[in-house]
Amino acid sequence: MIASAVALAGLVGFVSAQGVATTYPGVLPSGTMGPTNPPTATEGTPINQESEARLVSLNSIDDFCLFGPKEPGHTIGDTEFEQVAWCTQPRNNARVIPDGTITAAHFIKTPFYVQIQGFGDFTKIGITEGDYGGELDPHGATNKGNPVGGNVTSNVSGEDVSYQEWMEFISYEQFCLRICIAANETWNTGIMCEHKLDIMGCQFVMPGDYTPDSFDSCEGEPAYPPGVYPIEGGGYSTFAQRFTGTYTADGTAVAYTVGQTVTPTAPYMVPATSNCVKATSIKANGLDLPGAAGPTGAAGSSSGAKDSDAKATSVTKSSSQTGTTGPTSGSLSFGAPALGLAATAGVVVLSAFAVLL
């Protein structure tokens, strides 16, 4: 199958946020809250480490949730449909992430999306040591979501808003979460939160600062959508993950292949950030939590008291970080020039890309 490609002018160097708005179709959800969730995002809800609530909020470096295991002892990939919400603070009737779990977090707000990525010891919430995890999104095999009934909100607009498109990757040691909060005529939320490249991992799909053992909050330019590479002179190519398999037609097994044979090693660019505020940690929740919960875990509601004075310490406001393109070395290695693509009319399929010129 050829990856989709669309001719667009002037897409070299940055992603234009011209005309970006929340009023485009696909920004706000058309469905309802999942049956296990509160009606709205709610702070200060009781702690219940056996909760099955599936409402994730992404508001700041100190106030965010992740989808994680309902029960320990299973891989994320095998239980994507039943993951539950784990939050850094008591909210949304969700479980609470124990203090010390998150060892690095980088929060960024852009015109198109809000994102957080980082590292942690997620065995503390029940992910098995060595489990490289899975991908969670509002679609899933049955189009009811992974997890089923999962919803997301953010208050970066000044109030709690539910959003349609989002994606999360989580393993035993790393996480990344993006909620698409706006769109324009060029980039819709389904493209900006394209989640099908999960094998490529966090740093490819959700580029940003992945420095370990550090914490900051930034404003930033948006990255190109996952797998999109602009072409000099206009247009872009879109990478599609390669899969092979079989299906049955009239009783006969038929082999199929989807995607490309050459895999890029990096996104087109890591966007620049500005107005970054560094911290020593995320805000502590002050709760003496027993670790991974669920019927087979140590579980139960915590009796620990919340320390309302526990806060992350902001230490500096850093200067802007310059965005980079291509691999971590900063050089551009993908796109038409690097592949030696001739400027001919029509659709050209070359190794990892299908390009419309």
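The following exchange concerns charged and aromatic side-chain contacts in a predicted model.

Visitor: How many salt bridges does a search of the whole structure find?

Guide: Side chains of opposite charge can pair when their charged atoms come close. One such pair joins E52 and K70, at 3.5 Å from N to O, and another joins R91 and D63, at 2.8 Å. The search of the whole structure gives a total of two.

Visitor: How many residues apart in sequence are the parts that E52 and K70 tie together?

Guide: The side chains of E52 and K70 meet in a salt bridge. E52 lies in the segment before strand 1, whereas K70 lies in the loop between strand 2 and strand 3, so the parts tied together are separated in sequence by 18 residues.

Visitor: Is K70 buried or exposed?

Guide: Buried means under 20% relative accessible area. The relative accessible area of K70 is 18%. K70 therefore counts as buried.

Visitor: Which kind of aromatic pair do F64 and F175 form?

Guide: The search of the whole structure finds nine aromatic pairs. For F64 and F175, the centres are 5.9 Å apart and the planes differ by 15°. Planes under 30 degrees apart meet the criterion, so the F64 and F175 pair is stacked.

Visitor: Where does F175 lie?

Guide: F64 is in the loop between strand 1 and strand 2, and the pair ties together parts that are 111 residues apart in sequence. At 0% relative accessibility, F175 is buried. Its position is in strand 11.

Visitor: Which residue lies over the face of Y113?

Guide: The distance from the ring centre of Y113 is 3.8 Å. The residue over this face is R178.

Note on methods
Residues numbered from 1 in each chain as written. Predicted model: local features only at pLDDT ≥ 70, side-chain atom pairs only at ≥ 80, totals over all residues. Heavy atoms only, no water. Salt bridge = Lys/Arg side-chain N within 4 Å of Asp/Glu carboxyl O. Helix = DSSP H or I, 4+ residues; strand = E, 2+ residues; numbered from the N terminus. Buried < 20%, exposed > 50% of the residue type's maximum accessible area, 1.4 Å probe, protein only. Phe/Tyr/Trp six-rings, centres within 6.5 Å; stacked < 30°, edge-to-face > 60°. Lys NZ or Arg CZ within 6 Å of the ring centre and 35° of its normal.
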